[in-house]
Amino acid sequence: MGSITASRYAGIVVAAVFAVANVATYLASDATSSEFPLWALSLFVFLFFISVLGRWKYLVWALAPALLLAPFEFLYIWLYQKPSSPHLYGILAESNLAETIEFLSPLGGFLGLVICICWVFGVIWLCRWARAWPAVSKKMRLILLLLSTSALGGVALAHEATMFPKNSDAASDALSEKTSNDVFLDLKSTFFPGIYMRLLSYLDERRNMLHVIHEKSGFKFNPKYIGPEKQIVVLIIGESSRKDRWSLYGYQRATNPELAKIRNLVALRDMVTPWDSTRMSVPVMISRKPPLSSAMVFPEKSLVSLFEEAGFYTYWVSNQQTYGRYDSPITQFASEANERFYLNPAEYSGPGSMDGVLAGKLEEILKRNQQRIFVVLHMLGSHWNYKHRYPGEYDIFRPSLNDVGDVALQSASSRQEVSNSYDNTIVYTDRVLSDVAKLLSSQKNPAVFWYTSDHGEDLQQVDCKLRGHGNSTRSSLEVPSVVYYNQAFFDINQSSIQILLKNADKKISTQAVFYGFPWLVGVRAAALGGDKALSSASFEEEKRMVNGQRKLSYDDVVQKSRCQPI
C-alpha cells in the first residue's frame, strides 16, 4: 500500500511539473499563431495521442522522455526566458557528465545529481501507476481522433492561407528562422510535442555533420612549419560588425577607445566579405571554399586542421550556437579542433553569455603553457538583439533599446535606440579585443591575433529602410579587420610585419585570413601561395567577387549609397 501511495504522489508531482513546463514554454516562446495559441496546438496533439494509443500506460510511456526532461526545460526557461533548442542539446553532447550536471543544477553538482536520480524514479513510478488506469473507450477514442485531426488540419490550412507576410514591403531578414507562417514551426516551439521535434532536429543535424566529417576525413594539407618552437595564434571571428561604425576607421563616435590605445595593432582598411550571412561567410574565411560557392558542404578541411598538421594544439571556443539552420556548416569545421568549448547555452534571440567569456576561456587555455596553440574565438558580437550583446556599464549611447523595452528590428519608431545599442555592441567588442590583446602582450612567447567580422549590418535610417543582414549592401559587405602582435612576435617577424603594414590599405576579401594568417606565423603548404598572403612580398591584389543580387566584382561596382543593394 505504501509503495502504491508513493507511486501516486510521485506521479502527481511528475504530471504537475510536465504541465508547468508546457505552460512555461507557451509563455516563453516567441512563436505566434493567429488561429490557435500554442497551448491549443499542444492540447490537440495530446488528444490525438490518446485517441491513437487508447491505453493510458502507453501514453505515459510515449511521454516518458518529455517527462524526464520537463524539470530541465523549466530550469532553462527560468534562466534564459527561451525554450530549449537543438543548440542546447549540442552543448550538452559536447560536455562531460560533470559539466552537464553543473549546468542543469545551479544549486550544485551533487544536489543536482540527487534531484536527477529522484526524478528518474518519479517517472518510473508514474509509469507503474499508469498501468492500473482504465483504457479509453472506443467511442471516446473516435471522438478525440475526429476532434484533434480536424482541429490540426484546420490550423494547417489556415496557416497555409496566411503564410505570406501582410507587409509586402518588409525587407529580407536573415535573422529570423521563421520564413513562413508554418504550423510545424509553431508546434516545434511547444514543450509537447515540440521537444521531440527539437531532439529529432538535433539528431538529424548531428547525423548530417558526421557524414560530412567522414567525407573529409582523408583530406590533408601536408604543411611545413618554419616558425618558432613556441607560439600562440588566435583567430577571432566577429559577428555582424560594420566597418563604418568603428572609430578606428573614422566613425565620429569613440567606439574603439581601448584599441586606439594599443600598440602593435594593424587595421586592415579595405576588406569585404563575399557573403553577408554567417553560415556562408565564415567557411570562406577559414577554408579554401570559393567565394561564390553556395554549397553547404566543402570537401576540404579548414585552418583548424592546417594548424594541427603543422604541430599546433587546436581549440574552438564559441559564444554562438552549435546546431541550427545557420550554424551547422560552421560546426563542421569546429569539429576539427582538438578541444571545443561552446560557452553560450542561449539562442541568438534571447539573453545569454557576453563575449567576455571568450577572453576568460582563452586565459584558462594560456595557463596550460602548451608549446604551440591555435585558438579560434567565435564571437556573438553585434548580432540582434543588440541590447543582449553588452553589459549594463557599456550602455553608453542613449537612448538605447534598454530604455524602450522589447521592439522589433524593423521598428521605424525606435531606429535611434536601435542605432545607439548597435554602437554599444561595438564598444563592448572593442573591450573584448583589447582584453585579448592584453593577455597576449603578457606572454613571453610570440603571440598574435587576427580579428575579422563575418559580415556587416544594415541599420534603418531616415533614408534607408533596410535592416539586419542579407541585403548585399556596402554596410553589410565592408567589414573591420585588425591584426595584433606582441613584442616577442615582432622581434622575430619584423620583415613580415613591415610588409603587412605596407599592404594594410590594399583591397582584400575575408579569404585573406585563410591564405594570410598561416603565412604570417610560419606555416607553409602547397595550398597557400605567397601571392595571396598579406605579409608576403609577392602579395597581389585580386578582384573581390561578392554574391549580391548577382555575382560580380565588388571593385567594378560604384555604389552611391550604403543602403543600395549590390
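**View 1. Buried residues of helix H2.** In this predicted model, the buried residues of helix H2 are Leu38, Ala40, Leu41, Ser42, Phe44, Val45, Leu47, Ile50 and Ser51. An α-helix has 3.6 residues a turn, so residues three or four places apart point the same way. Helix H2 runs over residues 38-53, and its 16 residues should span 22 Å at 1.5 Å a residue. The C-alpha atoms at the two ends of H2 are 23 Å apart, which agrees with that expected span. Just after the helix comes glycine 54, with a positive phi of about 80°.

**View 2. A nonpolar patch on the surface.** Leu68, Ile117, Val120, Phe121, Ile124 and Trp125 make a nonpolar surface patch of about 480 Å². Helix H6, residues 109-130, gives the largest share of this patch, with five residues. One residue to pick out is isoleucine 124, which is found in helix H6. Isoleucine 124 has a relative accessible area of 41% and is therefore partly exposed, a class that lies between the limits of 20% and 50%.

**View 3. Tyrosine 58 and cysteine 127.** Tyrosine 58 has its place in helix H3, which covers residues 56-80. With a relative accessible area of 36%, tyrosine 58 is partly exposed. Along the chain, tyrosine 58 and cysteine 127 are 69 residues apart, while their C-alpha atoms are separated by 8.9 Å.

**View 4. An aromatic cluster.** One aromatic cluster is formed by Phe18, Phe46, Phe49, Phe191, Phe192 and Tyr196. In the structure as a whole there are 26 aromatic pairs.

**View 5. Two arginines placed over aromatic rings.** Arginine 372 has its charged end over the ring of phenylalanine 312, at 5.5 Å from the ring centre. The second case is arginine 524, which lies over the face of tryptophan 519. Here the distance to the ring centre is 3.9 Å.

**View 6. Cis peptide bonds in the loop between S6 and H14.** Tryptophan 384 and asparagine 385 are joined by a cis peptide bond, with omega of about 5°. Asparagine 385 is found in the loop between strand S6 (372-378) and helix H14 (401-404). Another cis peptide bond leads from arginine 398 to proline 399, and its omega is near -5°. Proline 399 is also found in the loop between S6 and H14.

**View 7. Asparagine 264, with a positive phi.** Asparagine 264 is not a glycine, yet its phi is positive, at about 60°. This asparagine is found in the loop that links strand S2 (231-238) and strand S3 (265-272). Its relative accessibility is 19%, and because buried means under 20%, asparagine 264 counts as buried.

**View 8. Asparagine 369, with a positive phi.** Asparagine 369, a residue other than glycine, has a positive phi near 55°. Its place is the loop between helix H13 (356-366) and S6. The relative accessibility of asparagine 369 is 65%, and because exposed means over 50%, this residue counts as exposed. Asparagine 264 of the preceding view, in contrast, counts as buried.

Notes
Residues are numbered from 1 along each chain as its sequence is written. This is a predicted model: local features need pLDDT of at least 70, side-chain atom pairs count only at pLDDT 80 or more; totals for chains, interfaces and linings use all residues. Side-chain values use heavy atoms; hydrogens and water are left out. Helices (H or I, at least four residues) and strands (E, at least two) are DSSP runs, numbered from the N terminus. The expected span of a helix is 1.5 Å times one less than its number of residues. Buried means under 20% relative accessible area, exposed over 50%, partly exposed in between (1.4 Å probe, protein chains only). Patches are made of residues with over 30% relative accessible area and no salt bridge: like charges are joined within 9 Å, nonpolar side chains (Val, Leu, Ile, Met, Phe, Trp, Tyr) within 5 Å. Accessible areas come from the Shrake-Rupley method with a 1.4 Å probe; for residues, only the protein chains shown count as cover. A salt bridge is a side-chain nitrogen of Lys or Arg within 4 Å of a carboxyl oxygen of Asp or Glu. Rings of Phe, Tyr and Trp (its six-membered ring) pair if their centres lie within 6.5 Å; planes under 30 degrees apart count as stacked, over 60 as edge-to-face and the rest as tilted. A charge sits over a ring if NZ of Lys or CZ of Arg is within 6 Å of the ring centre and within 35 degrees of the ring normal.
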